[in-house]
Amino acid sequence: MRLYNYNKIIMLSIIFLLFSTCFVHISLSKDDNTIKQQNKIVIEGQILYSPMNDQTTFLIDNTGSVIHTWESSYSPGQAVYMIEDNFILRTIRKTYNAPGGAGGGIQKMNWDGDVIWDFNYYNSEHLSHHDVEPLTNGNVLMIAWEYISRDEAIAAGRNPNFLQGNVLMPDHIIEVEPTGSSSGNIVWEWHVMDHLIQDYDPTKDNYGVVEDHPELVDFNFGTSNKDWLHCNSIDYNEEFDQILISVHNMNEIWIIDHSTTTEEAAGHAGGNYGMGGDLLYRWGNPLVYRAGTTNDQKLFNQHDTNWIESGCPGEGNILIFNNGNGRPGVDYSSVDEIILPVDEFGYYYLEPGSSYGPDDAVWSYTADNPSSFFAFYISGAQRLKTGNTLICDGPEGRFFEVTPEKVTIWEYVNPYPNWFNNNVFKIFYIPNEETPENPDLDCYGNLNWGDVERGESINGSFIVQNIGGTGSLLNWEISEYPEWGTWTFTPESGEGLSPEDGQITVQVSIITPLKENTEFEGYIKVINQENPVDYDIIPVYLKTPRINFVKEIFTENTKFFQFIFKNI
């Protein structure tokens, strides 16, 4: 009897160990799937960035290799841009005794790292912060705080209960013309304090009906933090001569007129649009100007916002990194593209008694599982001429490129100064060379497979065609494809394809990888052999399901288990 019980214990222990092995394997598989990898690069260009906790600025190529660095005595404060002749314009942090995003100055450096211009905007009256915008005339737009006293704020209509301490720090914008090596002339400026309204105290300045003046800013909306607005990005539209700013604490973006004189910018008339320095447009949170409720809020502590550049799909629209703090339901980040209600002359439409449109974004990127992509601060996005969007997940120091179909085709994780302290305010993309004005090659298709068994042979296809002029001949080939799986293309190249030949269908066959419960992403690159900058990308996505190990063990080892149970 004792021997029988002893054997029973042994057999049950074996079963337990077998089951434990199954679950350990599942756990390890999950860890494997979350490892960040430097994936094969698809972008044809370079990326400039300054890690927030490093004094070095990096320029990397499309393999992630460092092309060049610039050393500084300062951490960034926060943005960096490349301008003409390989010069960089880098904000610098002069103080840490200030709210997040504090700067204090800007430096222009040449390729060799020499500081050509070192301009400070930091004293007891003001402090530059977050972002700058280089202009084509050589001047620079800068965001800055100005310091006003408690008494000045109350006199302007601020509710004293919304004041902390003796100082308030509203934002203003300056345009600086570099003069000497460390000097500059402020040739234009705009102050939000000149464009206020309040309905708290009729005995104080700026009293009026808030909902009747969407062009003005409610002085008593928002936080009681001394950093009242926390503007964190600035962009410029040369065609309309307008400035776009992200107003973090209002959950809004604003557009103002830059064509004004400084005197006009302080008033309510003048400039190309006749409104002086008042807001031409605002979007993101109509509750701020009493034209909506919390249900109408679209932006949640957003950061980088910019006009999509000419030559890029969506040009003239606005791209916003919507961080998502406090979003209803669950916090998650998105990159949102909106079409502005603007005419060809730069005037924005607002239906009386309503809020500024649009009602929704025309395109948005979120993760398949939205909450898995949540960058709670900093971060940014930039539209590329390919139509793809380059995104910076700032807290993670992760840069990635997505197609219009939202497939991730490239990823890079910043390793500087170390893997655990690698956050980046935003990145700046620099194309290697221009896309040909008159391309011959055009491809389209989307290879997307879900829940495909390991080792299974699956098929798909995409189209290649010559969209060049009459008489043009296209020699094309597949130059790159994912390293995972076993791929076959029929055909994999072609010669002498004319526009009159029409479309060529490329048949794709792949034997899927053996790894379970994994998402595989990548791309197929097709090039014009005579002009490699004339290329197109086919995104690829494949997912294998999780194996039911318990079922497999019982299915494949039935006799073994029968033997065990028979002898227990």
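**A walk through a strand-built protein**

D241 counts as buried, because its relative accessibility is 18% and the cut-off for buried is under 20%. That is one residue in a predicted model. D241 sits in the loop between β16 and β17. Its backbone deserves a look too. The phi angle of D241 is near 55°, which is a positive value in a residue other than glycine.

I378 makes a useful companion. Its phi is near 45°, again positive in a residue other than glycine. I378 also lies in a loop, the one between β23 and β24 (380-383). At 4% relative accessibility, I378 counts as buried.

Now step back to the whole protein. What does its secondary structure come to? There are five helices and 37 strands. The protein has 568 residues, and buried residues make up 51% of them. Its exposed surface is about 25,900 Å², and carbon and sulfur atoms supply 48% of that area. Next, take the contacts between residues at least 6 apart in sequence. Of these, 59% join residues at least 24 apart.

Next comes the interior. In soluble globular proteins, nonpolar side chains tend to be buried together. Here, the largest nonpolar core has 30 residues. Which residues have the most contacts inside this core? They are I173, W190, W228, I243, I245 and W254. Five elements give two or more residues to the core: β9 (140-146), β13 (184-191), β16 (231-237), β17 (242-247) and β18 (252-257). Apart from this core lies another, of 24 residues. Among its members are I458, I478, F520 and I524.

Look at I243 in more detail. Set aside its neighbours within four places in sequence. I243 is then in contact with residues including L141, I173, W188, I234, W254, I256 and W307. Its partners also include D235 and H258.

I173 leads to a strand of interest, because I173 stands opposite W190 in β13. 

Strand β12 covers residues 171-178, and six of its eight residues are buried, so the strand is largely enclosed by the rest of the structure. Two strands pair with β12. With β9, the pairing is antiparallel and runs over six bridges. One of the matched positions is V140, whose bridge partner in β12 is V176. With β13, the pairing is also antiparallel, over seven bridges. β12 and β13 form a hairpin, with five residues between them.

Just before β9 comes a loop that starts after β8 (126-134), and N139 lies in that loop. Is N139 buried or exposed? N139 is buried, with a relative accessible area of 8%. N139 and E175 are 36 residues apart in sequence, but their C-alpha atoms are 6.5 Å apart in space. Leaving aside neighbours within four places, the contacts of N139 include E133, E175, V176, E177 and V187.

Turn now to the aromatic rings. A pair of such rings is described by the distance of the centres and the angle of the planes. The structure holds 23 aromatic pairs. Take Y281 and Y356. Their ring centres are 5.2 Å apart and their planes stand at 70°, so the pair is edge-to-face. Y281 lies in strand β19 (residues 281-283), while Y356 lies in the loop between β22 (334-338) and β23 (363-365), so the pair ties together parts that are 75 residues apart in sequence. Both Y281 and Y356 are buried. Elsewhere, ring pairs link Y49, F58, F399, Y412 and Y416 into a cluster.

Rings can also have charges over them. The charged end of R327 sits over the ring of Y332, 4.0 Å from the ring centre. R383 lies over the face of W363, at 5.2 Å from the ring centre.

Finally, check two peptide bonds. G357 and P358 are joined by a cis peptide bond, with omega about 10°. P358 lies in the loop between β22 and β23, and Y356 is in that loop as well. A cis peptide bond also joins T490 and P491, where omega is about -5°. P491 has its place in the loop between β33 (486-490) and β34 (493-497).

Technical notes: Residues numbered from 1 in each chain as written. Predicted model: local features only at pLDDT ≥ 70, side-chain atom pairs only at ≥ 80, totals over all residues. Heavy atoms only, no water. Core = buried A, V, L, I, M, F, W, Y, C linked by side-chain atoms within 4.5 Å. Buried < 20%, exposed > 50% of the residue type's maximum accessible area, 1.4 Å probe, protein only. Helix = DSSP H or I, 4+ residues; strand = E, 2+ residues; numbered from the N terminus. Contact = heavy atoms within 4.5 Å. Areas by Shrake-Rupley, 256 points an atom, 1.4 Å probe, with all protein chains shown as cover. Phe/Tyr/Trp six-rings, centres within 6.5 Å; stacked < 30°, edge-to-face > 60°. Lys NZ or Arg CZ within 6 Å of the ring centre and 35° of its normal. Pairing = 2+ DSSP bridges.
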